Amino acid sequence: MPWPQDELRRITEQDDLHVAPFREDGATYGTPTWIWCVAVEGELYVRAYNGRESRWYQAAMQQKAGRITAAGLTREVTFEPVEGQLNELIDDAYREKYRDSRYLIPMLGARARTATVKITPRRTHTGSDGGPGMAQGSVSYDFTGAVALVTGAASGMGLATARAFAQAGACVTLADVDGDTARKAAAQLKEEGHQALAIACDVADELAVRDMVTETVAAFGRLDVAFNNAGVQSPATDTADSQSSEYDRVTSINLRGVWACMKHELAQMRAQDRGAIVNCSSLGGLVGVPGRGVYHAAKHGVLGFTKSAALEYAATGVRINAVCPGIIDTPMAAGMKATETEAMDTLMQEVPARRLGSSAEIANAVLWLCSSGSSYVIGHALAVDGGYTVR
Ligand SMILES: NC(=O)c1ccc[n+]([C@@H]2O[C@H](COP(=O)([O-])OP(=O)(O)OC[C@H]3O[C@@H](n4cnc5c(N)ncnc54)[C@H](O)[C@@H]3O)[C@@H](O)[C@H]2O)c1
């Protein structure tokens, strides 16, 4: 994708370009490095001051993609090495732009010249507020400037989604009943250069949920997207043997928790006339499984709230949808595998994709549902389950 020329001009004039190629995992970014840049024939070029020894250069050549921040913009980009004649034009551009710099000579020297890189924007999906993006696998979204709230963000899909929103440029609140772990996750994101806030919140407590939304808005000024993901599993039990205490525990988190989150998020989004909510249901919201009545009832209920609230706001700028994960490789699924090995093995044999899903695959779906790419998708229950529910 070519650079919009006004962006290219802003980036080269401002001269505050930071590059952050992906780390080895291909999903998280390395530490941003400040670097000089020039434009030649509508393209953006940089040179590694320490030549091919530079760590960012090596990561850029290995991963071929990452992100830049410059002139107040955050862009997902690709990196390509530059060799040959073109370097002479790039030399001229450096001479012209940095003629008064004492670093001009090293920028033209062999060490930096052999580490010349072309930076090109990657195609991104725009988020609900006209900002947005995330990068997981081959897809990327741009949520720059958006404010995201994720519950159950200390672990599993919540953590992956909070990270994806942050990497896409959003300010993110990580809310979890496990406040210590949420704080550590937020600190890690901040260390990587993102804006993150941790809040200890039990979603079963409506007042705590109200305060979570209030604190988010106080910290970041608004609320654009929310992933109501916090949830707990329940051991398989025949309905005739099930306990009312377990029913109350599971529904207070998995169902009433989603209701409380939507209630307070919507009050804010209604005032803004803008926003996107994704509720976490499950394959358990779409089908029945013996022994799972309480959990499945709560997850079916999440879809009832999702559809009804989505209709209330369908003609406004606020969209509400749900994601229905299949069996996803998280601590929750690992816990089930440890305690209910046989039942999980049977369930796995019924997954047409013949593998567990990953948290990143759920994050991809959530970011899409929050992005402008899904602008006509309202009240939908999106199964991300390796084909389980279409058998
Ligand atoms: N893993 C799966 O296979 C799977 C499949 C379908 C749906 N789900 C749903 O996905 C969501 C996330 O699950 P996961 O697999 O990432 O689980 P996980 O156990 O890895 O993470 C859940 C997070 O929610 C938090 N949490 C629990 N109770 C809370 C409460 N009362 N208030 C706030 N936070 C609370 C936990 O502390 C934890 O950090 C849940 O709603 C779950 O029901 C999971």
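UniProt, in an unreviewed entry, lists residues 146-336 as "domain: Ketoreductase". In the predicted model examined here, the chain over residues 146-336 is 50% helix and 18% strand. The C-alpha atoms at the two ends of this stretch are 35 Å apart.

The protein as a whole is divided into two domains, with domain 1 spanning residues 5-121 and domain 2 spanning residues 125-390. Their C-alpha centres are separated by 37 Å. Five residues from domain 1 and ten residues from domain 2 make up the contact between them. On the domain 1 side, the residues that touch domain 2 comprise three nonpolar, one polar and one charged.

An open sheet of seven strands is present, in the order β2-β1-β5-β6-β7-β4-β3 and with antiparallel pairing. Its edges are formed by β2 (33-34) and β3 (37-40), each of which pairs on one side only. Strand β3 is joined to β4 (residues 43-47) by four bridges in the antiparallel sense. Within this pair, Val38 has Tyr45 of β4 as its bridge partner.

Parallel pairing is found around strand β15. In general, the strands of a sheet pair through backbone hydrogen bonds, in either a parallel or an antiparallel arrangement. Strand β15 covers residues 275-280, and six of its six residues are buried. Neither face is left open: Gly275, Ile277 and Asn279 on one side are buried, as are Ala276, Val278 and Cys280 on the other. Strand β14 (residues 225-228) runs parallel to β15 and is joined to it by four bridges. In this pairing, Ala226 stands opposite Ile277 of β15.

Strand β15 also pairs in the parallel sense with β16 (residues 318-325), over six bridges. Two of the bridge partners in β16 are Asn321, which is matched with Val278, and Ala322, which is matched with Asn279. Strand β16 is largely enclosed by the rest of the structure, because eight of its eight residues are buried. The side chains are divided between two directions, with Val318, Ile320, Ala322 and Cys324 pointing one way and Arg319, Asn321, Val323 and Pro325 the other, and all are buried.

Within β15, Ile277 was considered individually. This residue is classed as buried because 27 other C-beta atoms lie within 10 Å, where the criterion is 20 or more. Beyond its neighbours within four places in sequence, Ile277 is in contact with Ala226, Asn228, Met262, Glu265 and Ile320. Among these contacts, Ala226 is also the residue that stands opposite Ile277 in the strand pairing, and Ile320 is one of the buried residues of β16. The C-alpha atom of Ile277 is separated by 9.9 Å from that of Gly379, a residue 102 places away along the chain.

The surroundings of the ligand were also examined. A shell of 29 residues surrounds the ligand, and the closest are Gly152, Gly156, Gly231, Thr330 and Met332. Two helices, α6 (156-167) and α12 (331-339), each supply at least two residues of this shell. By class, the shell residues divide into 16 nonpolar, ten polar and three charged.

Technical notes. Residues are numbered from 1 along each chain as its sequence is written. This is a predicted model: local features need pLDDT of at least 70, side-chain atom pairs count only at pLDDT 80 or more; totals for chains, interfaces and linings use all residues. A residue is near a molecule or strand if its C-beta atom, placed from the backbone, lies within 6 Å of it. Ala, Val, Leu, Ile, Met, Phe, Trp, Tyr, Cys and Pro count as nonpolar, Asp, Glu, Lys and Arg as charged, and the others, Gly among them, as polar. UniProt positions are given in the numbering used here, feature names are shortened, and annotations may be inferred rather than shown by experiment. Domain bounds come from an automatic or database domain assignment. Two residues are in contact if their C-beta atoms, placed from the backbone, lie within 7 Å. A residue is buried if 20 or more other C-beta atoms lie within 10 Å of its own, exposed if 12 or fewer, and partly exposed in between; C-beta atoms are placed from the backbone. Two strands pair if DSSP finds at least two bridges between them.
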